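Q: Could you take me through one part of this model up close? I'd like to see how the pieces there connect, step by step.

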Amino acid sequence: MVASVEPLTAPVEPDEALRRVAFLLERERAGSYRVEAFRKAVVTVRETPAEELVTRHETGTLQDLPGIGKSTAAVVSEALDGELPAYLKSLQDKAKPLVSGGEKLFADLKGDCHSHSNWSDGGSPIEEMVLTAVELGHEWLVLTDHSPQLRVANGLSVERLTKQLRIVDAVNASLDGEFRLLKGIEVDILDDGSLDQTPEMLGRLDVVTASVHSKLKMNKAPMTRRMVAAVSNPRVNVLGHCTGRLVTGSRGVRAQSEFDASAVFEACAEHGTAVEINSRPERCDPPDELVLLALEIGCLFAIDSDAHAPGQLEMKAYGCERAERLGVPEDRIVTTWDADRLLEWASGA
């Protein structure tokens, strides 16, 4: 996996210039409204005949197109003139490595067990997430949109997940084996430790990441029972953002949930469930001391991005820095494994 995508140079197609601007804005955690403007402009440009784009550029009417504003029109115009758009150039010039440390581990990553598309609360279509993963040097990506109970995140019912699995099959057929999009879910861990999706549907998936999203202030004993039950379920492969904490960002801060971490991680180790090192800066979950505890107990780990946008896929760099600094052996990190080894582990074979 490369540290980032290669910078674009002129000439560049207007839609690719807009895509890259959106990626770089997502990468630096810019406001969603700015990102959405460029993502919407990509769709408009792709749906507009090339001849019409040129004519509108020449007549100064690009902004009459839906979803094209002053900034996006400037990017399109400069790209049509054969130039590297100034806004894109400025973003590329100031782009720096996300973090210092963990570079070798990041280069050795093969994939990601936790990513979201616009089927739930992500910002981009499945195809855009895949295209960016390929550009970043991934070999595989698990699509893990939310389960039905998380209505605020547009969680997938059985019917919608069934449709999504057909889309995944179609995407893989188009990739001809060059990259593998794996079928997955971020399934809610319910109050009693059961999972928020039918066993039949979970059985159709390649990788299941399970996370607590509700009643995060549950008392320690029931929360421990809840989590132990989930990670002991043979259909669960990864325990996502185990403490639920937030340490920074637009959503504010949130204290971590209380549970017996030793009991939970011992269950993870016993059942081969990986503990996620969630790389999102606002989560940084689990905290260092719990990573060290899971390491001592003998757990596997998954360094995941929890990406809700293409430009967030690179955030695994933060998790790699932590894992390297804390001494997590590479062979115990499932996201360094190739797809065949990952699938063999996930199936319990």
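**A strand pair and its salt bridges**

A: Let's start with strand β1 (residues 140-143) and strand β2 (residues 180-188): the two run parallel, joined by four bridges. This is a predicted model, so keep that in mind throughout. Within β1, the side chains alternate: W140 and V142 point one way, while L141 and L143 point the other way. Whichever way they point, all four are buried.

Now hop across to the partner strand. Opposite W140 stands R180 in β2, and R180 is a good residue to follow outwards. R180 counts as partly exposed, at 33% relative accessibility. Its side chain meets that of D340 in a salt bridge, 2.8 Å from N to O. D340 lies in helix α14 (residues 339-346) and R180 in strand β2, so this pair ties together parts that are 160 residues apart in sequence. On the α14 side, D340 counts as exposed, with 54% relative accessibility.

That contact is one of 24 salt bridges that a search of the whole structure finds. Some of the others are linked through shared partners: D15, E16, R19, E26, R39, R46, E128 and E135 are joined into one network that way. Two pairs from that list deserve a look.

Take E128 and R39. These residues form a salt bridge in which the closest N and O atoms are 3.1 Å apart. E128 sits in helix α7 (residues 126-135) and R39 in helix α2 (residues 32-47), so here the contact ties together parts that are 89 residues apart in sequence. Both ends are tucked away: E128 is buried at 10% relative accessibility, and R39 is buried at 11%.

The other pair is E16 and R19, whose side chains meet in a salt bridge at 2.8 Å, N to O. This one stays within a single helix, α1 (residues 14-27): E16 and R19 are three residues apart there, which means about one helical turn separates them. The two ends of this bridge fall in separate burial classes, because the cut-off for buried is under 20% relative accessible area. E16, at 24% relative accessibility, counts as partly exposed, whereas R19 is buried with a relative accessible area of 5%.

So, to retrace the route: β1 pairs with β2, W140 stands opposite R180, and R180 reaches D340 in α14 through a salt bridge. Alongside that, the network includes E16 and R19 as well as R39 and E128.

Methods
Residues numbered from 1 in each chain as written. Predicted model: local features only at pLDDT ≥ 70, side-chain atom pairs only at ≥ 80, totals over all residues. Heavy atoms only, no water. Buried < 20%, exposed > 50% of the residue type's maximum accessible area, 1.4 Å probe, protein only. Pairing = 2+ DSSP bridges. Salt bridge = Lys/Arg side-chain N within 4 Å of Asp/Glu carboxyl O.
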